[in-house]
Amino acid sequence: MSALKNFIRSLVPTKILNAYREKKKEKQRKELKQQAERGEAATFDQLLADIRNCGIKPGDSVLVHSSFSKIGFVEGGPKTFVDALLQAVGESGNLLMPSSPNAGYQLDYIRNLTLFDVQNDPSRMGAITEYFRTLPGVLRSESPTEPVCCFGPKADWFTNGHLGEETPYTENSPFARLAEAKGKILYVGVTLDNAGTSLHVLEDAVPDFKFPVYYPEVFPVSVKRTNGEVVPVSVKVHNPEQSAKRKCDGLLPLFEGKGVMKRSTIGKAKTLIFDASKMLETMIGEYQENGVTMYTPQGS
């Protein structure tokens with residue numbers, strides 16, 4: 001289904017696609033307003049209890065993908081949800097969120113990019129990620145395509161290997177380091193189909209990955225670091241033709257069956273909880289033994 005959606009999306013003019021998205025957002029805003037009027041606001045205590053029910057505990061390192069509107073009306077907005085996450089992982093834990101400045105195809109974005117400003121370019125990954133990005137003490141990795149924000153005692157370790165990596169999912173990326181740290185991934189109101197970033201770690205982890213996931217051209221861009229230094233880098237981006245063939249949610253039965261994933265709810269949002277280390281281990285093993293990928297979830 002996701003492959004078909006991606007194909008259809010690639011054929012629709014951007015103006016029409018944006019109009020559809022805005023109409024969908026307006027519908028969501030009306031529903032949230034109605035929830036508020038009915039007194040159905042999610043509170044800090046309720047969200048904290050839901051997060052803990054997902055198995056998140058003090059000391060955990062957790063990468064959170066989210067759709068704020070799917071949680072329902074939240075008393076206090078994104079701050080309340082982020083505060084609950086930080087309380088759940090505690091002072092010894094680490095909270096990570098994607099913060100890409102691009103919400104569309106990487107190829108379209110990189111063709112128009114000359115400079116990525118780590119400190120100032122906003123996240124396009126939703127209201128929660130943008131609020132989190134601006135918090136004191138949050139560090140942001142320096143990939144121009146897939147930067148990740150982190151708060152916690154290991155924030156520097158999670159984020160400091162991203163600068164200069166030609167592709168953003170290498171062993172030095174926050175995504176791979178989360179698996180190394182035996183962290184967790186929360187998909188709150190989203191699924192692998194629209195937040196499957198960690199699946200790409202497989203493509204950089206195995207030699208000669210069998211699908212052309214990267215566009216052949218290498219793009220020179222500049223990164224303005226937090227300290228103001230401007231550094232030239234070269235990056236690759238996803239090949240949109242291959243991206244249109246993704247069937248990410250087709251992997252969910254495999255992950256659930258292998259004990260990699262479980263399901264829960266945070267607020268009104270259906271939530272998936274992944275063991276990042278087991279996720280990567282399973283992907284590599286299934287790829288090598290059965291040819292399983294996000295493009296061939298049944299194997300090949």
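This dialogue walks through cysteines, an arginine and a helix in a predicted model.

User: What are the ground rules for reading this model?

Analyst: It is predicted: local features need pLDDT of at least 70, side-chain atom pairs count only at pLDDT 80 or more, and totals for chains, interfaces and linings use all residues. Residues are numbered from 1 along each chain as its sequence is written, and side-chain values use heavy atoms, with hydrogens and water left out.

User: How many disulfides does a search of the whole structure find?

Analyst: A disulfide is a covalent bond between the sulfur atoms of two cysteines. The cut-off is a pair of cysteine sulfur atoms within 2.5 Å. The search finds 0.

User: Why is Cys149 not bonded to Cys150?

Analyst: The Cys149 sulfur has its closest cysteine sulfur in Cys150, and 8.8 Å is too far for a bond. Cys150 is in no disulfide either.

User: Are Cys149 and Cys150 buried or exposed?

Analyst: Buried means under 20% relative accessible area, exposed over 50%, partly exposed in between (1.4 Å probe, protein chains only). Cys149 is buried at 1%. Cys150 is buried at 0%.

User: Which residues does Arg133 touch?

Analyst: Contact means heavy atoms within 4.5 Å. Not counting residues up to four places away in sequence, the partners of Arg133 include Asp121, Arg140 and Cys149. Arg133 is buried, at 14% relative accessibility.

User: How far does helix H5 reach from its first C-alpha to its last?

Analyst: Helices are DSSP runs (H or I, at least four residues), numbered from the N terminus. The expected span is 1.5 Å times one less than the number of residues. H5 (residues 78-89) has 12 residues and reaches 17 Å, close to the 16 Å expected. Its buried residues include Phe81, Leu85 and Ala88. Just after H5, Gly90 takes a positive phi of about 75°.

Notes
Helix = DSSP H or I, 4+ residues; strand = E, 2+ residues; numbered from the N terminus.
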